[in-house]
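Dear colleague,

Please find below the structure that I am handing over to you, together with its sequence. My findings follow after it, ordered from the overall architecture to single residues.

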Amino acid sequence: SHPDMPDVRHANALLAFDLGDALAGLGHLEQIAPSRRRPAVAQLQRRLWLRTQTDPARLAARRGQGAHAHDILVRAQASVGGDQGDELLAPLAEAFAEIGDVARALALGRRLVLRAGAGVPDRLAYAAVLLKANQDAELAVLVRQLRNSALTTSQRADLDGLPAALAIRQADAMREAGNLAGAYGVLSPMMSDRPDDAGIAS
């Protein structure tokens, strides 16, 4: 192998991103000479940088440090302004939704789908934001609209996973409230449609 080659560094950074190690990914990209960084490298660098902000924010929120989590994400949002930041709207919106700032999450998500050139990937990303923000009614409408869109196999799989994720969340809420029969009623159709989905069966 040739670790000094830009394509190898880029591939290693992509792998680090998929494995959730944003700092390692940035380290790989920083070893590519600026003159040899293609647009895809710069884009990945921005995504990795944002991950170094959203991951600590999520961790702070789980530890009960909501204000600190919010401050991290607000600073990150200010740093990714402008057109270049559009590609980061979805992960930033999802992070805001996860720490409980639904209003800001929805504002960013709607900016994503209303911008010029927005397409199916943007609408799928917004659907994920709606799911995390517990906006079930709007999510249901969007899912119906997307079912009538021309989707790739991967996009279709992402879309099919949304109702299942929604059903799991609703069933969990019912179980916590002691309504086991209701939880089973919500999950039963999904278990019939997706018998191999361990997440539903559990």
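In what follows, helices and strands are DSSP runs, of at least four residues for a helix and at least two for a strand, and they are numbered from the N terminus. Please keep in mind throughout that this is a predicted model.

Overall architecture

With the elements so defined, the chain reads α-α-α-α-α-α-α-α-α-α-α from its N terminus. The chain thus holds 11 helices and zero strands. Of its 202 residues, 36% are buried. As to how the chain folds back on itself, 47% of the contacts between residues at least 6 apart in sequence join residues at least 24 apart.

The N-terminal helix H1

Helix H1 covers residues 6–18, and its 13 residues should span 18 Å at 1.5 Å a residue; the C-alpha atoms at its ends are indeed 18 Å apart, in agreement with that value. Its buried residues are Pro6, Arg9, His10, Ala13, Ala16 and Phe17. Viewed down the axis of H1, these buried residues fall within an arc of 120°, so they line one face of the helix. An α-helix has 3.6 residues a turn, so residues three or four places apart point the same way. The cover over the buried residues of H1 includes helix H2 (22–30) and helix H3 (39–62). After H1 comes Gly20, with a positive phi near 80°.

The nonpolar cores

The largest nonpolar core has 38 residues, and those that touch the most other members are Leu73, Leu92, Phe96, Leu139 and Leu159. Two or more residues are given to this core by each of H3, helix H4 (66–79), helix H5 (89–98), helix H6 (102–114), helix H7 (120–132), helix H8 (136–147) and helix H9 (153–176). H7 provides the largest share, eight residues. A further core, of nine residues, lies apart from this one and has Ala22, Leu26, Ile32 and Leu48 among its members.

Phe96 deserves a separate entry. Setting aside neighbours within four places in sequence, Phe96 is in contact with His70, Leu73, Val74, Gln77, Asp101, Arg104, Ala105 and Leu108.

The pair H5 and H7

Two packed helices are described by the angle between their axes and the distance between the axes. For H5 and H7, the axes come within 8 Å and cross at roughly 5°. Angles under 35 degrees count as roughly parallel, and H5 and H7 are therefore roughly parallel to each other. On the H5 side, the residues that meet H7 are Ala90, Ala93, Glu94, Ala97 and Glu98, and their counterparts in H7 are Ala125, Ala128, Val129 and Lys132.

What is the surrounding of Glu94? Glu94 lies in helix H5. Because buried means under 20% relative accessible area, Glu94 counts as buried, at 19%. Not counting residues up to four places away in sequence, Glu94 touches Arg58, Ala125, Ala128, Val129 and Lys132. The C-alpha atom of Glu94 is also separated by 6.4 Å from that of Ala105, 11 residues apart along the chain.

Helices H8 and H9

The 12 residues of H8 should span 16 Å at 1.5 Å a residue, which agrees with the 16 Å between its end C-alpha atoms. Leu139, Leu142, Val143 and Leu146 are the buried residues of H8. Seen down the axis of H8, they fall within an arc of 105°, so they line one face of the helix. Ala137 and Arg144, on the other side of H8, are exposed. H7 and H9 are included in what covers the buried residues of H8.

H9 has 24 residues and reaches 35 Å from its first C-alpha to its last, close to the 34 Å expected at 1.5 Å a residue. Buried in H9 are Gln155, Leu159, Leu162, Ala164, Leu166, Ala167 and Ala171. Just after H9, Gly178 adopts a positive phi of about 85°.

A loop residue

Asn134 is found in the loop between H7 and H8. Its phi is near 60°, a positive value in a residue other than glycine. Asn134 is partly exposed, with a relative accessible area of 48%.

With kind regards

Terms used: Residues are numbered from 1 along each chain as its sequence is written. This is a predicted model: local features need pLDDT of at least 70, side-chain atom pairs count only at pLDDT 80 or more; totals for chains, interfaces and linings use all residues. Side-chain values use heavy atoms; hydrogens and water are left out. The expected span of a helix is 1.5 Å times one less than its number of residues. Buried means under 20% relative accessible area, exposed over 50%, partly exposed in between (1.4 Å probe, protein chains only). The arc is that of the directions from the helix axis to the C-beta atoms. Contact means heavy atoms within 4.5 Å. A nonpolar core is a set of buried Ala, Val, Leu, Ile, Met, Phe, Trp, Tyr and Cys residues joined through side-chain atoms within 4.5 Å. Axes are lines fitted to C-alpha atoms, for helices over the stretch in contact, and angles run from 0 to 180 degrees between N-to-C directions. Angles under 35 degrees count as roughly parallel, over 145 as roughly antiparallel, 65 to 115 as roughly perpendicular and the rest as oblique.
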